[in-house]
Amino acid sequence: MNGASLIELESSLRAKDEHLVLKRDADMARCTTLHLGGPADLMASPSNAEQIQLLLMEAHRLNVPVTIIGNGSNLLVKDGGIRGLVIRVCRDMQAIEVSGDRIRVQAGAMMSTLSMAAADCHLGGLTFASGIPGTVGGGAYMNAGAYGGEMSQVVTLVEGFNMVGEPFRYGRPDMRFAHRYSRLMKENKLITHVTVQLPQGKREELLAEMVEFNRRRAEKQPLTQFSAGSTFKRPPEGYASQMVDECGLKGYTIGGAQVSEKHAGFLVNRGGTAADFLALMGYVQRVVYEQKGVMLEPEVRILGEDAPVARA
Ligand SMILES: Cc1cc2nc3c(=O)[nH]c(=O)nc-3n(C[C@H](O)[C@H](O)[C@H](O)COP(=O)(O)OP(=O)(O)OC[C@H]3O[C@@H](n4cnc5c(N)ncnc54)[C@H](O)[C@@H]3O)c2cc1C
């Protein structure tokens, strides 16, 4: 990609759809719960599937790389930012359609909004999602889950586009869900809609369960600090947080990045850089490997490029 393709992409998109929201040099720190990362060259916040198809087709035609994000709650964006086009499927795509025990939702709806909407219709199965601070698209992509529930239990259909703007539809078996995994993690496709099928439930009981899950979350997790949730995946040998804790790393700090004092599975940003955060991740992985023989794998998705090194 060269700078000219990016300028051509922006002007072509503006000419083809005057309502499309585009932003140059978008601050990625403001689009992630870790509050880290340099700028994205060009960010689009589409409000419907047609705009997404246009974005993908035009970026493909002009050879501009595309990065997809949701609410940025599982992302570490590096200090040099992201080159090319970032498509943010979030606040502007939140429509929810209920039909009997099925709900078809635009991928930018928050998981908490969907679980509340379901409870209002006396539908259960989504109370686990009420405290996960991500979008439904991000949740289906990552197979997000908590308290014994996960997206794979309720998703029946995932719709969207591949990177050249051709539509796809995957049923639950096609998604090949596993622990915090779906096939989309290998395929680079954009989710526009997710359909879930839910069991009946009583609204009051569902709301009470959500309150209880969120109480437990607030008790254990550093929710008042900047994080991306659990930094590492759960390894087959046990719990990442327990291993980090047993290695004496709670509170360990590199620059502005710290292993949370409240929950050793969460690394938090206390006003540092993505480089600090990556250095801390690497340090934790090394110590846990040396002491426990387990190589922790990141759960957070790492995007973008390092900041250029300043010359003396
Ligand atoms: C305090 C806190 C608590 C958390 N607790 C949990 C928890 O209990 N369980 C859990 O599973 N996670 C948890 N997380 C992590 C995070 O919220 C989930 O992984 C969530 O599903 C990510 O959704 P998102 O919209 O923020 O996606 P992002 O972080 O923006 O993106 C994550 C990945 O999904 C892809 N993606 C996002 N949207 C789309 C789309 N529309 N189409 C295709 N790909 C897409 C991105 O390319 C990226 O690779 C927590 C995070 C925080 C900060």
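**A walk through the sheets, helices and ligand shell**

Val105 stands opposite Val194 in strand E12, and this pair of residues is a convenient place to enter the structure, which is a predicted model. Val105 sits in strand E7, residues 102-106, and E7 pairs with E12 in the antiparallel sense over five bridges. A further pair can be found between these two strands, where Gln106 stands opposite His193 in E12.

From here the view can widen to the sheet as a whole. Five strands form an open sheet in the order E6-E7-E12-E10-E11, and the pairing is antiparallel. Strand E6 (96-99) and strand E11 stand at the edges, each with a single partner strand, so one side of each is left without a neighbour in the sheet. From one strand to the next, the twist averages 20°. As a general point for reading any such sheet, the side chains in a regular strand alternate between the two faces of the sheet.

Following the order from the E6 edge, the reader meets E6 and E7, which pair in the antiparallel sense over four bridges. Ser99 stands opposite Arg102 in E7, and the hairpin of E6 and E7 has two residues between the strands, with Gly100 taking a positive phi near 65°.

On the other side of the order, strand E10 (residues 155-162) is joined to strand E12 (residues 189-197) by seven bridges, and the two run antiparallel. E10 also pairs in the antiparallel sense with strand E11 (residues 167-171), over five bridges. Which residues stand opposite Gly160 in these two neighbouring strands? In E12 the residue opposite Gly160 is Ile191, while in E11 the bridge partner of Gly160 is Phe168. E10 and E11 form a hairpin as well, with four residues between them, and Gly165 in the turn has a positive phi of about 90°.

Two strands of this sheet also carry contacts with helix H3, and helices are the next topic. Helix H3 (residues 111-120) and helix H7 (residues 203-220) have axes that come within 8 Å and cross at roughly 155°. That angle makes H3 roughly antiparallel to H7. The residues that meet are Ser115, Ala119 and Asp120 in H3, and Arg203, Leu206, Leu207 and Met210 in H7. By class, the residues of this contact of H3 with H7 divide into four nonpolar, one polar and two charged.

A second sheet lies elsewhere in the chain. Four strands form this open sheet in the order E13-E16-E15-E14, with antiparallel pairing. Its edge strands are E13 and strand E14 (253-254), each of which pairs on one side only. Within the sheet, three bridges join strand E15 (residues 257-259) to strand E16 (residues 266-269), and these strands run antiparallel. Here Ala257 stands opposite Asn269 in E16.

The chain can also be read in terms of domains. The domain assignment gives domain 1 (3-88), domain 2 (96-205) and domain 3 (223-303). Domain 1 and domain 3 have C-alpha centres that lie 29 Å apart, and 14 residues of domain 1 are in contact with 14 residues of domain 3. On the side of domain 1 that touches domain 3, strand E4 (residues 75-77) gives the most, with three residues. The residues on that side of domain 1 divide into six nonpolar, six polar and two charged.

Last comes the ligand. How many residues surround the ligand, and which are the closest? There are 32 residues around the ligand, and the closest are Gly70, Gly134, Gly137, Gly138 and Gly229. Several elements each supply at least two residues of this shell, namely strand E3 (66-69), helix H4 (136-142), strand E8 (145-146), E12 and strand E13 (226-230). The largest share of the shell, five residues, comes from H4. Sorted by class, the shell has 16 nonpolar residues, 15 polar residues and one charged residue. E12, the strand that holds Val194 opposite Val105, is therefore met again at the end of the walk, as one of the elements that supply the shell around the ligand.

Definitions and conventions. Residues are numbered from 1 along each chain as its sequence is written. This is a predicted model: local features need pLDDT of at least 70, side-chain atom pairs count only at pLDDT 80 or more; totals for chains, interfaces and linings use all residues. Two strands pair if DSSP finds at least two bridges between them. A residue is near a molecule or strand if its C-beta atom, placed from the backbone, lies within 6 Å of it. Ala, Val, Leu, Ile, Met, Phe, Trp, Tyr, Cys and Pro count as nonpolar, Asp, Glu, Lys and Arg as charged, and the others, Gly among them, as polar. Domain bounds come from an automatic or database domain assignment. Two residues are in contact if their C-beta atoms, placed from the backbone, lie within 7 Å. Axes are lines fitted to C-alpha atoms, for helices over the stretch in contact, and angles run from 0 to 180 degrees between N-to-C directions. Angles under 35 degrees count as roughly parallel, over 145 as roughly antiparallel, 65 to 115 as roughly perpendicular and the rest as oblique.
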